[in-house]
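This briefing sets out the main features of one protein model for a reader who is new to structural biology. Please keep the sequence and the structure in view while reading the points below.

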Amino acid sequence: LESIGLPPSFAGITVIAWVPALCEYINAVSFALQDNVSLSISIATSSSIQVSMIQLPALIWMELILPLTGFWPNHSFRPLFSQLDMIALFMAVLLTNYISIDGRSNYLEGA
């Protein structure tokens, strides 16, 4: 990655997160192109919930368990989020709540 000018954090944050959910993203775009925007939003939000509720806690538990087993003795994974990351996450949650709170979809809201 460094040979093409991308930092290693880019791979950890974006590329590795895209691989397991690539088929979900393709389906979401496909449904949006077929004017089924509510299903597209539903797929996108459930994918985000899956990452935040399952994958991140699993990584944190692995960080606690792997050094104890001796499999990964001298390395640790610390999820360090900057203040800008936390503000962006909070704003994304507010925006998703605003879009999906009434349960209807229209093109004016974008959902």
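The protein chain contains four helices and zero strands. Read from the N terminus on, its elements follow the order α-α-α-α. The model is a predicted one, and the points below concern the chain as a whole, the packing of helix 2 with helix 3, and selected residues.

**The chain as a whole**

- The protein chain has 111 residues, of which 11% count as buried.
- Contacts between residues at least 6 apart in sequence include a share of 28% that join residues at least 24 apart.

**Helix 2 and what follows it**

- Helix 2 consists of twelve residues. From its first C-alpha to its last it reaches 17 Å, which is close to the 16 Å expected at 1.5 Å a residue.
- Just after helix 2, the residue D35 adopts a positive phi of about 60°.

**The packing of helix 2 with helix 3**

- Two packed helices are described by the angle between their axes and the distance between the axes.
- For helix 2 (residues 22-33) and helix 3 (residues 37-69), the axes come within 7 Å and cross at roughly 160°.
- An angle over 145 degrees counts as roughly antiparallel, and helix 2 and helix 3 are therefore roughly antiparallel to each other.
- The crossing in which helix 2 passes helix 3 is left-handed.
- On the side of helix 2, the residues in contact are E24, Y25, N27, A28, F31 and A32. They meet V37, L39, S40, I43, S47 and Q50 in helix 3.
- By type, the residues of this contact between helix 2 and helix 3 comprise seven nonpolar, four polar and one charged.

**Two residues of helix 3**

- Is S40, a residue of helix 3, buried or exposed? S40 has a relative accessible area of 10%; buried means under 20%, so S40 is buried.
- Leaving aside residues up to four places away in sequence, S40 touches A28, F31 and A32. These three residues belong to the helix 2 side of the contact with helix 3.
- Q55 also has its place in helix 3. Its relative accessible area is 31%, a value between the limits of 20% for buried and 50% for exposed, so Q55 is partly exposed.
- Q55 and A17 are 38 residues apart along the chain, and their C-alpha atoms are separated by 9.7 Å.

Definitions and conventions:
Residues are numbered from 1 along each chain as its sequence is written. This is a predicted model: local features need pLDDT of at least 70, side-chain atom pairs count only at pLDDT 80 or more; totals for chains, interfaces and linings use all residues. Side-chain values use heavy atoms; hydrogens and water are left out. Axes are lines fitted to C-alpha atoms, for helices over the stretch in contact, and angles run from 0 to 180 degrees between N-to-C directions. Angles under 35 degrees count as roughly parallel, over 145 as roughly antiparallel, 65 to 115 as roughly perpendicular and the rest as oblique. A crossing is left-handed if the near helix is turned anticlockwise from the far one by less than a right angle, and right-handed if clockwise. Contact means heavy atoms within 4.5 Å. Ala, Val, Leu, Ile, Met, Phe, Trp, Tyr, Cys and Pro count as nonpolar, Asp, Glu, Lys and Arg as charged, and the others, Gly among them, as polar. The expected span of a helix is 1.5 Å times one less than its number of residues. Buried means under 20% relative accessible area, exposed over 50%, partly exposed in between (1.4 Å probe, protein chains only).
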